[in-house]
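Colleague: Got a minute to walk me through this one? I'd like the overall layout before we get to the charges.

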Amino acid sequence: MVEQLEQSKQWYVLHTYSGYENKVKQNLEMRITSMGMADYIFTVVVPEEEQVKRNKNGETKSVMVKTFPGYVLVEMIMSDEAWFVVRNTPGVTGFLGSHGQGSKPTPLLPEEVSNILRSQGMASRHRDIEFDLGEVVLITDGAFDGMEGRVEEIDNEHGKLKVIVEMFGRETNAEVNFDQVDKI
């Protein structure tokens, strides 16, 4: 049953009133708890990126800017109850990819989710592979693609590994997601 639930867990895009993305996230997270939907609605993300802005005085400051204004991502199992809870959250105007009249929306493609979550510093998939400290792994993606590294630290909660890679005769620390490495 858990395996079946895991397979039907997908990412969807919510359309919201512009400027209310964080409020929608907060409202939805409260509704998940109060309505007992934690087994169907898992993660709510407002994609943001840091930008440096310059004011009239020439001073620069760092601000967070919405990557997709008016949209919120939600990872959920699309059941009638979960759809109803999400769709009726204050500030939500609908699901992207839904044709109205209560039709179920189209989920995001896995590669779209992976790209968006990676840009947010989040791992898109927590692989079921277990790693051991000191184990040598092959890095399959990112700046260290094709290199081997030794596992120094494991962060199961965030799906990340700290790996020591030898470059130019020196040891270098690299942080990689579980989905960026394979066992050798």
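Modeller: Sure, we can start with the fold and then go through the salt bridges. Keep in mind that this is a predicted model.

Colleague: What's the secondary structure of the protein?

Modeller: Four helices and 11 strands. The C-alpha atoms fit a box of roughly 60 × 60 × 30 Å along the principal axes.

Colleague: And which domains does the assignment give?

Modeller: Domain 1 covers 10-120, and domain 2 covers 135-183. Their C-alpha centres are 30 Å apart.

Colleague: How much of the protein is buried?

Modeller: Of the 184 residues, 35% are buried. The exposed surface comes to about 11600 Å², with carbon and sulfur atoms supplying 49% of that.

Colleague: Okay, helix α4. Which of its residues are buried?

Modeller: V113, S114, I116 and L117, in a helix that runs over residues 110-119. The buried residues of α4 pack against three strands: β1 (9-16), β2 (41-45) and β5 (71-77).

Colleague: What follows α4?

Modeller: G121, with a positive phi near 80°.

Colleague: Switching to charges. How many positive and negative side chains are there?

Modeller: 19 positive and 30 negative, and the centres of the two sets lie 10 Å apart. Searching the whole structure turns up seven salt bridges.

Colleague: Give me one between strands. What does E48 pair with?

Modeller: K66, at 3.1 Å from N to O. E48 sits in β3 (residues 48-54) and K66 in β4 (residues 60-66), so the bridge ties together parts 18 residues apart in sequence. E48 counts as partly exposed, because its relative accessibility is 22%.

Colleague: And where do K104 and D80 sit?

Modeller: K104 is in the loop between β6 (92-95) and α4, while D80 is in helix α3 (residues 80-87), so that pair links parts 24 residues apart in sequence. Their salt bridge is 2.7 Å, N to O.

Colleague: Is D80 buried or exposed?

Modeller: Exposed, at 53% relative accessibility. K104 is partly exposed, at 34%.

Colleague: What about domain 2, say K160? Which side chain does K160 meet in a salt bridge?

Modeller: E175, at 3.9 Å from N to O. E175 belongs to β10 (residues 170-177) and K160 to β9 (residues 160-167), so parts 15 residues apart in sequence are tied together. K160 counts as buried, because its relative accessibility of 18% falls under the 20% cut-off.

Colleague: Which residues are linked in a network of salt bridges?

Modeller: R150, E152 and E171 are linked that way.

Technical notes:
Residues are numbered from 1 along each chain as its sequence is written. This is a predicted model: local features need pLDDT of at least 70, side-chain atom pairs count only at pLDDT 80 or more; totals for chains, interfaces and linings use all residues. Side-chain values use heavy atoms; hydrogens and water are left out. Helices (H or I, at least four residues) and strands (E, at least two) are DSSP runs, numbered from the N terminus. Buried means under 20% relative accessible area, exposed over 50%, partly exposed in between (1.4 Å probe, protein chains only). Accessible areas come from the Shrake-Rupley method with a 1.4 Å probe; for residues, only the protein chains shown count as cover. Lys and Arg count as positive and Asp and Glu as negative; His and the chain ends are not counted. The place of a charge is taken as NZ of Lys, CZ of Arg, CG of Asp or CD of Glu. Domain bounds come from an automatic or database domain assignment. Contact means heavy atoms within 4.5 Å. A salt bridge is a side-chain nitrogen of Lys or Arg within 4 Å of a carboxyl oxygen of Asp or Glu.
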